Amino acid sequence: MNAEHLRYFLAAARHGSFAAAAKSLNMSPTPVSYAIGALEARLSTTLFNRVRSKGLTLTPSGKRLQEHANQVVSELDALESRFRSHNGQFAGELVVGCQESLVWSLMPRALKLTAERHPKLQVSIRTVPLATDYSTLLAGEIDLLVTFRHVVDQNPRICVTPLCAPQPTVMMRAGHPLDRGQTEISLSEIALFPQVMNVEPAAYELSMEMFRSAGCVPTVNCQCDVTAGSQAIVGQSDVVALRVALPASNVSPLGDKLAYYTLADRVPTASVIAARVARSSIGIPSKRDAFISICEQLFTTGAMRTHFSY
């Protein structure tokens, strides 16, 4: 049973309407209504009498649930507070699901700052595919999802924080015919050479959409879902690659020098986002919020410009 659904249920019982409950939780009525419906379906009962002129009143089943829900939510709040010290530091474990290129670019810096500010908070990083959806969050498999999204799915149960909207960069070997020392390069120019693209469907389709927006049809030489693999391939041939995240080094794993150029075209791109399950305890920071705040700081201060063009 979803603890947040119990919080929404208690708010609706307390205020007598979905709208008033939603206002107290600083959200729209939709997730409150959804939560009540989900609880009623799970428990195979009706929790509220819905009378337009009188609003919401608890049924006998609703009154029984209210008694137990108050106890459960109170215990959960007490448990969470035990992991939060008086000086604002958090402890316990935080599991972050993270897309591969963000694992080596964003996470090391975020882990360093987290260790300095919250030394008793143990952060575990799990590399997840780009196609990972919010079900892993809702199932409790991870606490946070840090990834790329071209289009942010609207889900009332999920809170999404945009971190950055980077512009794509072109990667090629040093001395490539297109490596002429200019500051930018166009899609029409790089479309003349074979491409190495991310094998993951979402990334592949986004890259193809970029070329289509410029009226180009590229030749895809190979596909690879590991950054080091793309670097090695590019360093040994005239293949080029569109990248969103760039390594700090301009040397491939095989020792070949690489060149990077900003893309001149303004095209559809993916944003870096951090997602977590929405909470009703507005204004009470959590370890999830603390980690997201650190990630936001790394982007806003420019620390991530080594790897992203924004």
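**Note on the predicted structure**

1. In helix H3, the residues Pro 31, Val 32, Ala 35, Ile 36, Leu 39 and Glu 40 are buried. The model in which they are seen is a predicted one. H3 covers residues 29-43, 15 residues in total. From its first C-alpha to its last, the helix reaches 21 Å, close to the 21 Å expected at 1.5 Å a residue. Directly after H3 comes Ser 44, which adopts a positive phi of about 55°.

2. The start of the chain also involves H3. Met 1 belongs to the segment before H1. Its C-alpha atom is separated by 9.4 Å from that of Ala 38, although the two residues are 37 residues apart along the chain. When neighbours within four places in sequence are left aside, Met 1 is in contact with Leu 6, Leu 39, Arg 42 and Leu 43. Of these partners, Leu 39 is one of the buried residues of H3.

3. For the protein as a whole, the secondary structure amounts to 11 helices and 13 strands. The C-alpha trace spans about 75 × 45 × 30 Å along its principal axes. The protein has 310 residues, and 45% of them count as buried. Among contacts between residues at least 6 apart in sequence, 71% join residues at least 24 apart.

4. The structure contains one cavity of 30 Å³ or more. The volume of the largest cavity is about 40 Å³. Its lining consists of Asn 2, Glu 4, His 5, Tyr 8, Arg 157, Val 277 and Ala 278. Helix H1, which runs over residues 3-15, gives the most to this lining, with three residues. By class, the lining residues of the largest cavity comprise three nonpolar, two polar and two charged.

5. The second largest pocket holds about 580 Å³ of space. It is lined by 33 residues, and those closest to its centre are Leu 130, Asn 198, Ala 202, Ala 203 and Leu 206. Two or more lining residues come from each of helix H5 (100-105), strand E5 (144-149), strand E9 (195-197), helix H9 (201-213), helix H10 (227-235) and strand E11 (241-243). The most is given by H9, with eight residues. Sorted by class, this lining has 17 nonpolar, eight polar and eight charged residues.

6. Ser 101 merits a separate comment. This residue is placed in helix H5, and that helix is among the elements that give two or more residues to the lining of the second largest pocket. Ser 101 has a relative accessible area of 4% and is therefore buried, the cut-off being under 20%. Its side chain makes a polar contact, at 2.6 Å, with the side chain of Gln 99. Not counting residues up to four places away in sequence, Ser 101 touches Phe 148, Thr 227 and Ala 245. Phe 148 falls in the range of strand E5, and Thr 227 in that of helix H10.

Terms used
Residues numbered from 1 in each chain as written. Predicted model: local features only at pLDDT ≥ 70, side-chain atom pairs only at ≥ 80, totals over all residues. Heavy atoms only, no water. 1 Å grid on protein atoms, 1.4 Å probe; cavity = no way out; pocket = protein on both sides within 12 Å on 5 of 7 lines; lining within 4 Å. Points joined across faces, edges and corners; volume = space filled by probe spheres on them. Helix = DSSP H or I, 4+ residues; strand = E, 2+ residues; numbered from the N terminus. Nonpolar A, V, L, I, M, F, W, Y, C, P; charged D, E, K, R; others polar. Expected span 1.5 Å × (residues − 1). Buried < 20%, exposed > 50% of the residue type's maximum accessible area, 1.4 Å probe, protein only. Contact = heavy atoms within 4.5 Å. Polar contact = N/O pair within 3.5 Å; in protein donor to acceptor, adjacent residues only side chain to side chain.
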